[in-house]
Amino acid sequence: MMKKANFAKWAGLWLLVASLPLMGIAEPPDITVDVVSKGAFVIFFLKNYENRDFQCASIRVEATVKDKDEQVALRTIMARNISLPAGSLEIKVEAGKEVIGALTNEMNQPRIVTLRKLTYRCDLYKKVFRDRLKDGSKGPEMVWIPAGTFRMGDIQGGGEDDEKPVHRVSVSRFAIGKYEVTFAEYDKFAQATGRKKPDDEGWGRGNRPVINVSWHDATAYAEWLSQQTGKQYRLPSEAEWEYAARAKTETARYWGNNPDEACRYANVADKTAKQKFSTWTIHNCTDGYVYTAPVGHFKPNNFGLFDMLGNVWEWTCSLYENKYSGKEQQCLIKSPSKSSNLVLRGGSWNFDARRTRTAYRFRRQPTERNWYVGFRLARLP
């Protein structure tokens, strides 16, 4: 085993130097990392004695591998994106199995025999962040969503056939927009790329959610933002969207099961809209908006996300199927055909309670633009 005393001075200095430019840490945090070899892999042991959360972007150790024929190979074994909550007594992370597995094609029963040069980088964990664009301005506010497993679909019963079967889905850590993408954010992209700006229907631009954008428009914005920031932005998958919207709840809506409580949390078809659209079926409450509302006007869910229900439907990167089969967990890696249907989620300002539920699914073709459809982005670690 490599004792932490052997690395404390050197690794602590490395951590301070690496973290200062990014996070502004004034003192080296009290974090320790140790490593032990198990022959076919290593185990990293992490401890955080501080009352602040950290995220370890990478932990590396150099390994000497030897086989029965005395062949020797040098390899770097690495773990990435390890969450280190405040006061973590010990977190164990296994790494390197794939390294030894690959060497079995070249060596006779390779095993790790020595370890050296343990290095790591851990930064203060910021739940809400904004990446910088090339001109120095900041991109949309994003919220880190922890990895987890949830039940997806018509948990309450009485929903639509395409919300079935209810099934367990595991989601890796990712970030998602704190708000729906606004006109101000999209217009900046449109101006920079020479695209036509979408029509706001006379309801206002600025911090209102962008509307009249196709799936291709939303994807183009994500690609531009990726180029501007050097980070990987995209639309959320349908599973990521529902996981983020539920925010650890299993009720019909993230505020509970009563649709008439919607107006504290969402811009929906309500008594305000009924004054203009007298034939509508509405929520029995008043949200104050006939059409779209400025983002962030209503109460957020438990993850700190606003307007996950209501305001505008949100494009995802998942193909629609009328029964869950696994595609809800996937993102398209190539452009869909014009006849394909992509999933939208969340309901909008003009939809009733039956369709303003966390599990409800909507679909449109990728070229369609509508005055009740917008989007929010996801970002990978």
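## Charges over rings

A charge counts as sitting over a ring if NZ of Lys or CZ of Arg is within 6 Å of the ring centre and within 35 degrees of the ring normal. In this predicted model, R173 fits that bill: its charged end is placed over the ring of W144, 3.8 Å from the centre. There's also K97, which lies over the face of F41 at 4.8 Å from the ring centre.

## Strands around β11

Take β11 (residues 174–177) next. It runs antiparallel to β8 (residues 142–145), and four bridges join the two. One of the matches here is I145 with F174 as its bridge partner in β11.

β11 also pairs with β17 (residues 378–379), again antiparallel, through two bridges. Here I176 has A378 as its partner in β17.

## Aromatic pairs

Searching the whole structure turns up 29 aromatic pairs. One of them is F150 with Y243, a tilted pair with 5.3 Å between centres and 45 degrees between planes. It links distant parts of the chain, with F150 in strand β9 (residues 148–152) and Y243 in helix α5 (residues 238–246), 93 residues apart. Both rings' residues, F150 and Y243, are buried.

Then there's F351 with F362, an edge-to-face pair at 5.5 Å centre to centre and 75 degrees between the planes. F351 lies in the loop between β14 (342–345) and β15 (361–364) while F362 is in β15 itself, so the pair ties together parts eleven residues apart in sequence. F351 and F362 are buried too.

## A ring cluster

Which residues do ring pairs link into a cluster? They're W203, F277, W280, Y291, W349 and W371.

Notes:
Residues are numbered from 1 along each chain as its sequence is written. This is a predicted model: local features need pLDDT of at least 70, side-chain atom pairs count only at pLDDT 80 or more; totals for chains, interfaces and linings use all residues. Side-chain values use heavy atoms; hydrogens and water are left out. Two strands pair if DSSP finds at least two bridges between them. Rings of Phe, Tyr and Trp (its six-membered ring) pair if their centres lie within 6.5 Å; planes under 30 degrees apart count as stacked, over 60 as edge-to-face and the rest as tilted. Buried means under 20% relative accessible area, exposed over 50%, partly exposed in between (1.4 Å probe, protein chains only).
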